[in-house]
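Visitor: Could you take me slowly through a single part of this structure, the place where the metal is held? I am in my first year, so please explain each term as you go.

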Amino acid sequence: MTTTTTLAEVAAKSLGAVRTLESHGLDYCCGGKQLFDEACLAKGISPESVMQEIEQVQGANTPERNWQTAPLGELVKHIVATHHEYLKLELPALASRMEKVHEVHGARDPENLNRMADLFGSLRQEMEMHMHKEEVILFPFIEQYGQAAAQGQPMPPVPFGSIANPIAMMEREHVGAGDALGEIRALTHDYRLPPYACSTVRALYEGLQALEADLHVHIHLENNILFPRSIALERR
Ligand SMILES: [Fe+2]
Ligand SMILES: [Fe+2]
């Protein structure tokens with residue numbers, strides 16, 4: 001590792017690295033371009049000790065799929081089957097929990113609960129459209145790129161000039177989703193349960209936190225691995 005290594009590059013090493021960065025509140029996802037050393041020091045932690053922790057986690061776990069070298073088509077399938085499927089199940093489930101909480105407790109904290117329901121409603125709508133664009137437009141081209149490269153053929157033409165264009169749009173939408181979840185986290189004071197919390201509030205908060213963690217890994221696989229690898233193929 002050099003002093004110019006970014007958080008995204010450290011995260012791209014393994015899922016163990018992702019989890020370690022997460023446990024220290026280091027944003028490898030939308031803030032991935034930040035330098036690893038600087039981000040650690042800004043949090044008051046030593047970069048060496050974080051790196052050591054990452055190496056220990058890597059040593060302890062069975063080797064995971066190396067997404068830096070796996071065929072792009074395989075990575076696309078993994079993202080869709082693991083992270084898109086997760087969102088397709090969880091977004092509607094969380095929406096009905098949110099609705100129930102709103103119905104039962106709306107009068108107690110109308111301002112915050114309204115804001116949270118609005119934020120979640122637009123997050124859901126945007127993520128559903130976002131995944132649709134990835135699955136129907138961008139990912140099929142990325143799979144074709146991966147196949148062409150494997151067969152030593154030229155990259156197939158894309159209707160949007162360069163693959164970097166839709167990728168830039170997807171990255172902007174990732175920032176939007178990250179911001180919405182950040183705002184929900186702030187509204188709930190880091191998911192501290194309110195005194196009136198019933199089991200639905202608890203299930204809502206747990207579900208939102210799990211969704212945030214899954215989305216971080218999901219965006220990491222796209223922003224830090226899938227997208228740079230696709231752009232590199234086009235430029236080769
Ligand atoms: Fe995605
Ligand atoms: Fe995405």
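**The two-iron site**

Guide: The iron ion (ligand 2) and the iron ion (ligand 1) are 3.1 Å apart, and glutamate 134 coordinates both. Glutamate 134 lies in helix H6 (residues 110-150) and glutamate 222 in helix H8 (residues 199-235), so the pair ties together parts that are 88 residues apart in sequence; helices here are DSSP runs of H or I with at least four residues, numbered from the N terminus. Before going on, please note that this is a predicted model, in which local features need pLDDT of at least 70 and side-chain atom pairs count only at pLDDT 80 or more, while totals for chains, interfaces and linings use all residues. Residues are numbered from 1 along each chain as its sequence is written, chains are lettered from A and ligands numbered from 1 in the order in which they are written, and side-chain values use heavy atoms, with hydrogens and water left out.

Let us take the iron ion (ligand 2), whose protein donors are His130 (NE2), Glu134 (OE), His174 (NE2) and Glu222 (OE), lying 2.0 to 2.2 Å from it. A donor is an N, O or S atom within 2.8 Å of the metal (3.2 Å for Na, K and Ca), and because water is not among the atoms, sites may look incomplete. Along the chain, the donor residues of this iron ion (ligand 2) are spaced H-x3-E-x39-H-x47-E. The four donor atoms subtend angles of 85 to 173°, which makes the arrangement around the iron ion (ligand 2) irregular. Four donors count as tetrahedral if all angles lie between 85 and 135 degrees; four count as square planar and six as octahedral if opposite donors are over 155 degrees apart and all others between 65 and 115, and anything else is irregular.

The iron ion (ligand 1) has as its protein donors His84 (NE2), Glu134 (OE), His218 (NE2) and Glu222 (OE), at 1.9 to 2.2 Å. The angles between these four donor atoms run from 87 to 168°, which makes the arrangement around the iron ion (ligand 1) irregular. Here histidine 84 in helix H5 (residues 72-105) and histidine 218 in helix H8 link distant parts of the chain, 134 residues apart.

As for where these side chains sit, both histidine 84 and histidine 218 are buried, a word that means under 20% relative accessible area, with exposed over 50% and partly exposed in between (1.4 Å probe, protein chains only). Glutamate 134 is buried at a relative accessible area of 0%, and glutamate 222 is buried at 0%.

Technical notes: Helices (H or I, at least four residues) and strands (E, at least two) are DSSP runs, numbered from the N terminus.
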